[in-house]
Amino acid sequence: MHRVAVLALEGVPPFELGIPSRVFGNAYDDSGNRLYEVTVCTADGQPVSSDAGFTIGVSAGAEALAAADTVVIPPTHAMSELLLGAPLSQAHADALARIRPGARIVSICTGSYVLAAAGMLDGRPATTHWFKAQEFQRAFPRIKLDEDVLFVDDGDILTSAGVAAGIDLCLYLVRADHGTAVANRAARLCVVPPWRDGGQAQYIDRPVPEPTTATTTQARAWALEHLAEPLTLNQLAAQARMSLRTFTRRFRDEVGMTPGQWLTAQRLDLARHLLESSDLPVDLVAHRSGFGSANSLRQHMRNTLGTSPIAYRRTFRPAPAVA
């Protein structure tokens, strides 16, 4: 069983602290067996105060970090010195130093400040809550901050944006570990979408559109039903009843990426699902997901995921064992 340790810091928001337990705790195999064991710990095994006015007791200290396959760092609202680029306290630095080589390290929201203060993000790509992005960049200029995305996967270290993006990232990890079916089942049990389109750009200081304001929602819903077909910007703009220029601008404002980037992401998502859940030949997977040819699908998967369709299927849909 994959062991997850969640490090509770003084001033932790209870919602973010509970995300790993909720998402990983709802990941089951086809036989109903849990796939993750989640332990909430503190650096010294003692209770910490939440930012909601109550104390959180834990079942373990830093020894849980040493035993974990994945370590999750939720945010804290009580360590204001980190916002100015101060180093991590010795107690917390020592606790993080116990994380074993090869373990996966994850931050939720401004938990990225903890990793940054520990020097773990120097020279690496990362994200954090968009509201703190400029402050974060000033405090830690050596980090390659991307404030437009919901999360960043840099191999052994992954960082997410604010609050709900922590759910997105945990579901992404379940999917990477066990495939689409398990992640989708966990999402349904949590009553959350298994995947959200776009990045933080759609959440940054923009008013909610009035009900009478035209949006690109209908065009996106239509596109999802016609992914196997060649789709043009003019077709999508017509579905939204907008000019091409207005549609392109509004689409980027709402989704955080261009229509072409969004279409490619949806087609890749469908192709991955077909590779994981069916025995369809790669040529047919490419056709049904709108890439047209196996070569096109291979190129997009190689550029985006760093793997080929056959290798992806082998990873997420292993051959059945021979009796």
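**Close-up 1. Strands E1 and E2 run parallel in this predicted model.** Six bridges join E1 to E2, the strand formed by residues 36–41. To find your way into the pairing, start at Arg 3, whose bridge partner in E2 is Glu 37. Helix H1 (residues 14–25) belongs in this view too: together with E1 and E2, H1 makes a right-handed β-α-β unit.

**Close-up 2. Strand E1 also pairs with strand E5.** Here the partner strand covers residues 70–73, and three bridges hold the pair in the parallel sense. Ala 5 is a handy place to look, as its bridge partner in E5 is Val 71. E1 itself, residues 2–7, is mostly covered, with five of its six residues buried. In general, side chains of a regular strand alternate between the two faces of the sheet.

**Close-up 3. Helix H13 has a buried face and an exposed one.** H13 takes in residues 294–305, 12 in number, and its first and last C-alpha atoms lie 15 Å apart, close to the 16 Å expected at 1.5 Å a residue. Four residues to pick out here are Ala 294, Ser 296, Leu 297 and Met 301, the buried residues of H13. Viewed down the helix axis, these buried residues fall within an arc of 160°, so they line one face of H13. On the face turned away from that buried side, you will find the exposed residues Asn 295 and Asn 303. As a general reminder, an α-helix has 3.6 residues a turn, so residues three or four places apart point the same way.

**Close-up 4. The surroundings of H13 include three packed helices.** The buried residues of H13 pack against H11 (259–277), H12 (282–288) and H14 (309–316). Past the end of H13 comes Gly 306, and its phi is positive, near 70°. If you like to check backbone torsions, Gly 306 is the residue to click on here.

**Close-up 5. Helix H14 keeps its buried residues on the same side.** Those buried residues are Pro 309, Tyr 312, Arg 313 and Phe 316. Around the axis they cover an arc of only 95°, which puts them on the same side of H14. Arg 314 and Thr 315 are exposed, and they sit on the face of H14 turned away from the buried side. So what covers the buried residues of H14? The cover includes helix H6 (164–178), along with H11, H12 and H13.

Definitions and conventions
Residues are numbered from 1 along each chain as its sequence is written. This is a predicted model: local features need pLDDT of at least 70, side-chain atom pairs count only at pLDDT 80 or more; totals for chains, interfaces and linings use all residues. Side-chain values use heavy atoms; hydrogens and water are left out. Helices (H or I, at least four residues) and strands (E, at least two) are DSSP runs, numbered from the N terminus. The expected span of a helix is 1.5 Å times one less than its number of residues. Buried means under 20% relative accessible area, exposed over 50%, partly exposed in between (1.4 Å probe, protein chains only). The arc is that of the directions from the helix axis to the C-beta atoms. Contact means heavy atoms within 4.5 Å. Two strands pair if DSSP finds at least two bridges between them. A crossover is right-handed if, with the strands pointing away from the viewer, the path from the first strand over the helix to the second runs clockwise.
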